[in-house]
Structure formats: C-alpha cells, structure tokens
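Biologist: Please take one part of this model and examine it closely, beginning with its immediate surroundings and then moving outward to the rest of the fold. I should like a connected account rather than a list.

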Amino acid sequence: MKPSVVTSEPNGHFCDDCAVRGAAVCSSLDAAELREFEHLGRRVHFDSGETVFSEEDITTSFYNVLEGVMRLYKLLPDGRRQIVGFALPGDFLGMNLSGRHNFSADAIGVVNVCQFPRGPFGRFTEERPQLLRRINELAVRELSQARDHMVLLGRRSADEKVATFLLGWRERLVALKGPSDMVALPMSRQDIADYLGLTIETVSRTFTKLERLGVIEIIHGGISLLDPARVEAIAAA
C-alpha cells in the first residue's frame, strides 16, 4: 500500500496551520522564507505500520514529523530488531553523512509528515545560516538522545530502565503538549522491550510491579504517573 500524498498548492499555505512549526526545523524562517520553503515539500500520510524509509536506502528525502509517532529501528545480523528511538511531531529525520538511511522508520498509528527532496532542500539551506544552525541544534539533540539510549542499554536493572523510559517519554510529551500526569504510550510493550533491550515478559512484569507499588496506574493507551518522585528515585537507583 502506497502512502497517500497531499501536495502543497500555491495558495495552500500549509505552513500557516502547522501545529509544530515552533518546534520544527522551519522555526528559524521568516514569513517570506516560509512561503518559499513550503513549496519545496509535500504532506504525506502514512497508515499504521507503513514504512516511511528503510535502513541502507539511498537518502532522497528528508522528513519533518507533523502528527503521530514513528518507530526508528535497526535489524541486527541475527534478525532481531533494536529500536533506536521514537520520533514525535517536530522531529526532523533523514539527515546523515553517508547518503544512506542508517535506520528504518515506520508509523505507529497514523503519521503525517512534510517530505522534502534532498537536492532542493540542500540548495535552499545554502544561503540561510539560521536554518543550518537550527538543523545543527536538532542534530545535537538527536546525538544527546542517542548517548542517553546507550547508557540506558548498559548495566541497569529492568526497573531502572522502564522508569527512565517513562520519565524521558513523559518529558518529551510535556515539551510538545504541556504538563500532564497521563503518559500516552502509543507503542506496544514489544516496542518498549526492543528499545530497552529487554524481553516483553520482563517489561510487562515491571509495569505490573510499578503499579502494585502504587507509583503508576496502567490505563487505556498509556499510564498515569501517581508518584513521579518515586519513579525518579527508581530511575536513579
């Protein structure tokens, strides 16, 4: 199944109603630059489970996530999957030095993106240092998240890993949507396991244990943080 594509028309002004523009790569552009920028891209819709791009494919496009969550993963030589991250609205994907995607991305639920062809996007950025600075900021943030993930996969207990994941995910959602004790978890328990380097059984047992301790409540579509301070203490143990 091919993703459905919605292409920006000359008077469409898709950027005008973009809910994530303040957090996105285009936040550094003025009104005139934004008008030119939006004609570079097109809006693309992906249904749940559809592939956005695949590891080792030649990079022909960059992607700005507008809506939904994407699963980012690598396949190990033995066929196992290692999830390296989850992309949220405002995240910018596809930039790399090799010219090939270094991980795969697919949709968790419905995902909408702005897709920009690599060549025109590169030419657009050449004379706009503020856009290059914004791209560098996002790259540094991505590198920091990758380092944090490496630490998370190290010698930490299952309780510490799950608690750290919940706090980190909550922090990202708060930055996007504002404070809330409800933490939406659109990804599956298997996704969380593949991200933390655990089995799905261990993740499920840990969620149940945290609920039994009274620090979280498992609800439909996520969890409610009943005692954030204790979750922080578990993560820092």
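Modeller: Two strands are said to pair if DSSP finds at least two bridges between them. On that basis E9 (216-219) and E10 (222-225) are an antiparallel pair joined by 4 bridges. The model is predicted, and the part chosen here is helix H6 (200-212), for which these two strands form some of the cover.

H6 comprises 13 residues, and the distance from its first C-alpha to its last is 18 Å, close to the 18 Å expected at 1.5 Å a residue. Its buried residues are Thr202, Val203, Thr206, Phe207 and Leu210. Viewed down the helix axis, these buried residues fall within an arc of 135 degrees, so they line one face of H6. The general background is that an α-helix has 3.6 residues a turn, so residues three or four places apart point the same way. On the face turned away from the buried side, H6 carries the exposed residues Arg205 and Arg212. After the helix comes Gly214, with a positive phi near 85 degrees.

What lies over the buried side? The cover of the buried residues of H6 includes H4, H5, E9, E10 and H7. Phe207 shows this packing at the level of individual residues. Beyond its neighbours within four places in sequence, Phe207 is in contact with Val162, Leu166, Leu185, Arg189, Ile192, Ile216, Ile218 and Ile223. Two of these contacts, Ile218 and Ile223, face each other across the strand pair, since Ile218 stands opposite Ile223 in E10. The hairpin formed by E9 and E10 has 2 residues between the strands, and Gly221 there takes a positive phi near 85 degrees. E10 has a further partner in strand E8 (residues 182-184), with which E10 pairs in the antiparallel sense over 3 bridges. In that pairing, Met182 has Ser224 of E10 as its bridge partner.

Phe207 also belongs to the largest nonpolar core, which has 32 residues. The members that touch the most others are Phe86, Phe165, Leu166, Trp169, Leu185, Phe207 and Ile216. Of these, Leu166, Leu185 and Ile216 are contacts of Phe207 itself. At least two residues of this core come from each of E4 (61-75), E5 (81-87), H4 (158-177), H5 (189-196), H6, E10 and H7 (228-235). H4 supplies the largest share, 7 residues. In soluble globular proteins, nonpolar side chains tend to be buried together.

The contribution of E4 and E5 to this core comes from a second hairpin. These two strands pair in the antiparallel sense over 6 bridges, and Met70 stands opposite Ala87 in E5. There are 5 residues between the strands, and Gly79 in the turn has a positive phi of about 95 degrees. E5 is mostly covered, with 5 of its 7 residues buried.

Apart from the core that includes Phe207 lies another core, of 19 residues, among them Val25, Phe37, Phe62 and Phe121. Phe37 leads to helix H1 (residues 31-38), whose buried residues are Glu33, Leu34, Phe37 and Glu38. Seen down the axis of H1, these fall within an arc of 130 degrees, so they too line one face of their helix. Their packing partners are strand E7 (104-117), helix H2 (118-125) and helix H3 (129-152). At its N-terminal end H1 is capped by Asp30, a side-chain oxygen of which lies 3.2 Å from the backbone nitrogen of Ala32.

Two of these partners can be described further. In E7 is Cys114, which has a relative accessible area of 15% and is buried. Besides residues up to four places away in sequence, Cys114 touches Arg42, Arg43, Phe62, Tyr63, Asn64 and Leu66. Its C-alpha is 6.5 Å from that of Val65, although 49 residues separate Cys114 and Val65 along the chain. In H2 is Thr125, buried at 7% relative accessibility. A polar atom of the Thr125 side chain lies 2.8 Å from the backbone oxygen of Gly122. Leaving aside neighbours within four places in sequence, Thr125 is in contact with Leu131, Leu132 and Ile135.

To return to the chosen part, H6 lines one face with its buried residues and carries Arg205 and Arg212 on the face turned away from them.

Notes:
Residues are numbered from 1 along each chain as its sequence is written. This is a predicted model: local features need pLDDT of at least 70, side-chain atom pairs count only at pLDDT 80 or more; totals for chains, interfaces and linings use all residues. Side-chain values use heavy atoms; hydrogens and water are left out. Buried means under 20% relative accessible area, exposed over 50%, partly exposed in between (1.4 Å probe, protein chains only). The arc is that of the directions from the helix axis to the C-beta atoms. Contact means heavy atoms within 4.5 Å. A polar contact is a pair of N or O atoms within 3.5 Å; within protein, one must be able to donate a hydrogen and the other to accept it, and residues adjacent in sequence count only if both atoms are side-chain atoms. A nonpolar core is a set of buried Ala, Val, Leu, Ile, Met, Phe, Trp, Tyr and Cys residues joined through side-chain atoms within 4.5 Å. The expected span of a helix is 1.5 Å times one less than its number of residues.
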